[in-house]
Structures are given as structure tokens and as C-alpha cells.
Amino acid sequence: MLDFFQMILSGIAVGSSYALMALAMVIIYKTSEVVNFAQGEMALASSYFTFMLLTSYGFSFIAAFISAYLFALLLGAVLEFAILRRAKEPNLLGLIIITIGMEFMLLGFVSWKFGADQQIFPFPISPYDSISIGGAFFSMLELISLVIAIFIMVLLFFFFRYSKLGMAMKATQQNPVAARIMGIRTKRIMMLTWGISSMVGCTAGLLISPMLMEPFMMWDSMLKGFSSAVLGGMTSLPGAVAGAYILGIIENLFGGYVSIEFKSVVAFAIIVLILCVKPSGLFARHYVKKL
Amino acid sequence: MTTLLEIKNIETYYDLIYAIRGASLSVEAGTITTILGNNGAGKSTILKTLMGLIEDQPDKGTIEFMGKRIDGKDTEDIVRMGISYVPEGREVFEELTVRENLSMGAYTRKDQKGVKNDMKQVLAYFPILADRINQWAGTLSGGEQQMLAIGRALMSRPRLLCLDEPSLGLSPILVKEIFKIIRTIKETGVTILLVEQNARMALANSDFGLILENGRFVMKGKSSDLLKDKDVQEFYLGQRSEESAKGYQRWKRKKVWR
Ligand SMILES: Nc1ncnc2c1ncn2[C@@H]1O[C@H](COP(=O)(O)OP(=O)(O)OP(=O)(O)O)[C@@H](O)[C@H]1O
Ligand SMILES: [Mg+2]
């Protein structure tokens, strides 16, 4: 029983980074129907930027983290402005290739600048501190990740539900032409969407960095986040979050009870299954357009 | 009377399709002007060109609003100058609520209080929307969506309101209702440019009318005069005149209008 409880907790712990990556991808997918494979590497670049500020420039944590978010915002906006916007009437395949291209450019840049070796990311909380909840262990870092992830989700919820800008983003997603007729500057909204998504992804990157800091650190979370997003229907923010935690928990239960070697493969088995049975994802809200 | 909108000799292409072939039109402040024409005549294209929604168009000609050139400007800026547009087919934000749709209509405004008042006013025009205020717009009926689209366009407090076939797909009673509200809106000082297929209703409820055929205006005048015009009666109002009753040649040319 304790084992089971521990596995659920570990599932929730990894679920947080999946959830953040999934949210980041859904935010972009909803506005532009681009599956952004560069999401992980955007977070990677932001994390390494923070690492550089901390280790080479002696920034304080607060200053470094604020700079990290600004950098992430800018990076997202610039990629949208400089690359995606230039694609003239792109099709789905073209867009996928573009984002994969961006992914490898960023990955290449980070590996070249910082080397492929593992680095130590100075973080105020050691990944080895942990607390015990009813006999099961939860590392402090995981706990903080969970709290921050939930905070970001709540923030996003309020942003999209109640702020004028958030609503304008939803309006742009739903009907770009009508949005322009309202006076919404949809191109700016697009840039901003990429910026915000990049900041959400950056959060995941910063939370993973203290545990693992190397150029491929985001791959696992990116792919699992993408899987979670698909699981949740690709267009639903709550769906993506639910998908992420479900995935994290199933993965850990599978690892505990069935086979630890194939733990990572579970995510993809689930995707294949979902895509066969319910291609629109588990939580996609179906909306029938009236003519 | 002052001229609010002056369109001079515009030509619009959709790639190689020559849709508007030199059209001029002026809209006087405080009036309802209606553009009539058959399917494919180019009515919607004129409004889209005016709103800057067709990239790099108009190819030729000028559009002036309150004495300022607006052709070639971005839609977002044209809207900010005081023009609102209700597109053909409503185009509401389907997964936003009625209230959110209306508040998006006021996106460019900063005066919270005025927006609140205008929202009340719009809900007074269309009480059914008040009942549906927290419902997703996509779940409204076609007629309700049309009302929402008009209400949303009013939320920016426009000087000029452009309506593209507001009566499309509505029951006769609702059509009457919509036209009544259009007249009420005019009374509040909003100038209206109306595109319609329903020629009889449009002419009965407007001050000036223009008839568009194949991208050119072929007739313009006071609506009351157009209503009495023999050609208009025959081709656009579906009435038989004396001569046409004798020769069935003209029978075949009769176009059926609602
Ligand atoms: N996006 C487009 N691409 C190419 N051609 C177009 C496009 N939109 C309209 N057209 C063409 O331009 C011409 C005018 O179309 P428009 O939509 O303005 O007609 P309309 O008068 O509004 O007709 P309706 O009463 O049916 O709405 C038509 O011949 C149409 O085929
Ligand atoms: Mg039309």
C-alpha cells in the first residue's frame, strides 16, 4: 500500500513538468495550430541563459529568474516574428519541419556555447532534501515544482477567463478575421502567445535544471508533455494538465508493478491507444458548428 | 449634409478575379445607404475592401472616411477610426459567451463606464441576448447570432456601421424586427451602410440605394425613387409590370427576390 502511495506521489511529481510542457504546447497549438517541437529547446535555452547569469555574471536568484522569464518571453516572440510569421500559407507538414528546424538550431547553439557535459545548476534547494508524507517520500524540489506548476495553471486559468488580453487571445484563436474586426491586433497577439507559452515552458526548464542540466535535459519532458497534450485533446488547457498527471501516475505504476525498463515507453503506448480509440483526446470539448 | 464615407473608383482583385470594376459611392452622415445586387455582384467585396480585409486591395481608387484616406490601412486601424462591420455569416466567437462577445466588441475602448452603459443599451435592443448572456455564442440560433453580431458591432460606438446581409436566413418576423432596430440605431446618430438581398425591406428602410451588377454600380438614387422605378420593380422586387405580362421573353429574365 505504501508502495502504491509512493508511486502515485512520484507520478504527480513528474507530472508537473509534463503538465507545464503540455500547457506550453497547447497554448501555441490553440492559436496557430502549430505543433511546436521546439518547445523543449526553447525552455532549454532559457534555462542555460539563467545558468549563465547565475554562474558567470553573479546574478542573484531573483534577478536571474526575472531575467529568465524576460528572456523566454522575448525568445518566443522573436521566433514567432522572425520565423513562423514569414512562412507564407504554410501547411501542417511545413510547420512541423519549421519547428523541428528551430529545435535543432537551439539545441546546436546550446551545445556549442555550453558544451555537452552535464552542469551543476546552483539552486537554493538541494534535490536531495525531502519530506515524508505518511511514510512516502516527496523531495522538496518536487513539492516546490508541484506548487509552482499549480500556481502557473491557476494564473493561466484566471488570465484566459477574466483578463481582456486573455480573452482577446481566445477570440483570436477562435476566429482571427472577426478578431481583427474588433480591432484586436492579431499579429501582436500571435507573438505574445509564443512569448507566454515560452515562459510556461521556461518554468518547466528551471524546475528540471537542478536535477539534470545538459543539452538533452528537456527531451523527456517535451515528449511526455506532448503526449499529455494529445491525451488531453491538444486544445484544452485543463485536459493537458489532467493528461500530464494521468500519464505521470500510470508511468510510475507501470514502472513499479510491471516493468521498470519499459516505464518510459508507456507514454507512447498510451498515445497510440488513445489515437486509435478516441482520436480527439480524452477531454476535448466537442462543439458542433452551426451553419 | 456632410459626407462621412467617400469611395472613389475602387477596383478590387482576388488574385486574378476582377471583382470590383470601378465603383464609387458616398455615404452621407446620419443616413442609411443600401447596396443591392445579385449573388456574386460584389457587395460583400466592397465592404471587405472598405474594412481592409483583402490584402493589398483596392488595387485602384481611394476610400476616404471623415476626410482621411483609409485605403491601404490595416483593419485594426480602420476599426479604431470608428467603423464597425457585421460580416456576412455573423462570425461570432463561438466558444466565448454572449457577454464576452459583446465585451470583445468594445476591445478598443478604455471607458469602462461607457462600455457598461452600451452593453445595457444593446441588451435593451435585443432582450433575448440578456437571457442568453452566459451561454456560448455557438449555441445560439442563427437569428440570435445575428443579433449578437450587430450588438457586438455597436459596442465600439461606431460612427459608421456596415452590415452585410443582416436578414439572411431569418424568419420574416425577425427580419422586420432587425430592420426596426437598424432604424433605431440610425436615430441614435450612427450612419449605416447596408448590404442586402432583401431589396424590398432594404429600400423601404433606407434613405439611399445603389444597385451593383458585376462589380459596377448600375443605378443609384433615393430609396423611395428606386422603389418606384420600373426596372427595379421588375428585376429586384419581382413584380410584373404591364409590358412584361405580354411578352414572355421578359418573364424568363425575371429574377426572383425575396
Ligand atoms: N475569397 C475569394 N476568392 C476569390 N474570389 C472571390 C472571393 N470572394 C468572392 N469572390 C468572387 O468575387 C465576386 C463577388 O463576390 P461577393 O462575395 O462580393 O458577392 P456578393 O455580392 O456579396 O454575393 P452574395 O449576395 O452571394 O453574398 C464573386 O464572383 C466571387 O466568386
Ligand atoms: Mg455577400
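# Why do we call it that?

Visitor: Why is B:Asp77 called partly exposed?
Guide: In this predicted model, the relative accessible area of B:Asp77 is 28%. Buried would need under 20%, and exposed would need over 50%. The value for B:Asp77 is 28%, so the residue counts as partly exposed.

Visitor: What makes A:Arg185 and B:Asp77 a salt bridge?
Guide: The rule wants a side-chain nitrogen of Lys or Arg within 4 Å of a carboxyl oxygen of Asp or Glu. Here the closest N and O atoms are 3.1 Å apart, so this Arg and Asp pass.

Visitor: How do you know that the pair joins two chains?
Guide: Look at where each partner sits. A:Arg185 is in the loop between α7 (176-181) and α8 (186-208) of chain A, while B:Asp77 is in helix α2 of chain B, so the pair joins two chains. As for A:Arg185, its relative accessible area is 21%, which makes this residue partly exposed too.

Visitor: How many salt bridges does the rule find across the interface of chain B and chain A?
Guide: Two. A:Arg180 and B:Glu76 form a salt bridge as well, with 3.7 Å between the closest N and O atoms. That is within the 4 Å cut-off, so the name fits. Helix α2 (75-80) of chain B is one of the elements that each supply at least two residues to the side touching chain A, along with α3 (98-105) and α6 (142-154). With five residues, α2(B) gives the most to that side.

Visitor: What is the side of chain B that touches chain A made of, by class?
Guide: There are 12 nonpolar, nine polar and nine charged residues on it.

Visitor: How many residues are in contact between chain B and chain A, and how much area do they bury?
Guide: On chain B, 30 residues are in contact with 23 residues of chain A. Between them, the two chains bury about 2,500 Å², with 56% of it on carbon and sulfur atoms. B:Glu76, B:Phe93 and B:Tyr107 supply 26% of the area that chain B buries against chain A, more than any other three residues. Between the chains there are also eight residue pairs in polar contact, counting pairs with both residues at pLDDT 80 or more.

Visitor: What makes A:Glu80 buried?
Guide: Its relative accessible area is 4%. The cut-off for buried is under 20%, so A:Glu80 qualifies. The side chain of A:Glu80 meets that of A:Arg85 in a salt bridge, at 3.1 Å from N to O. A:Arg85 has a value of 24%, so that partner is partly exposed.

Visitor: Why is B:Asp71 called buried?
Guide: The value for B:Asp71 is 19%, and buried means under 20%, so B:Asp71 goes in the buried class. B:Arg69, whose side chain forms a salt bridge with that of B:Asp71 (2.8 Å, N to O), is partly exposed at 47%. Chain B has a network too: salt bridges that share partners join B:Arg109, B:Asp111, B:Asp118 and B:Arg157.

Visitor: What are the protein donors of the magnesium ion (ligand 2)?
Guide: B:Ser44 gives its OG atom, and B:Glu88 gives OE atoms, listed twice; they lie 1.9 to 2.7 Å from the ion. The cut-off here is within 2.8 Å, so they count as donors. B:Ser44 is in helix α1 (residues 43-50) and B:Glu88 is in the loop between β6 (83-86) and α3 of chain B, so the pair ties together parts that are 44 residues apart in sequence.

Visitor: Which of the labels buried, partly exposed or exposed do B:Ser44 and B:Glu88 get?
Guide: B:Ser44 has 12% relative accessibility, so this residue counts as buried. B:Glu88 has 35%, so the label there is partly exposed.

Visitor: How do you know that B:Thr34 is buried?
Guide: Its relative accessible area is 0%, which is under 20%, so buried is the right word. B:Thr34 lies in strand β3 (residues 32-37) of chain B. Not counting residues up to four places away in sequence, B:Thr34 touches several residues, including B:Leu194, B:Ala202 and B:Phe208. A polar atom of the B:Thr34 side chain lies 3.1 Å from the backbone oxygen of B:Leu194.

Terms used
Residues numbered from 1 in each chain as written. Chains lettered and ligands numbered in written order. Predicted model: local features only at pLDDT ≥ 70, side-chain atom pairs only at ≥ 80, totals over all residues. Heavy atoms only, no water. Contact = heavy atoms within 4.5 Å. Buried area = accessible area lost by both parts, 1.4 Å probe. Polar contact = N/O pair within 3.5 Å; in protein donor to acceptor, adjacent residues only side chain to side chain. Helix = DSSP H or I, 4+ residues; strand = E, 2+ residues; numbered from the N terminus. Nonpolar A, V, L, I, M, F, W, Y, C, P; charged D, E, K, R; others polar. Donors = N, O, S within 2.8 Å, 3.2 Å for Na, K, Ca; no water. Buried < 20%, exposed > 50% of the residue type's maximum accessible area, 1.4 Å probe, protein only.
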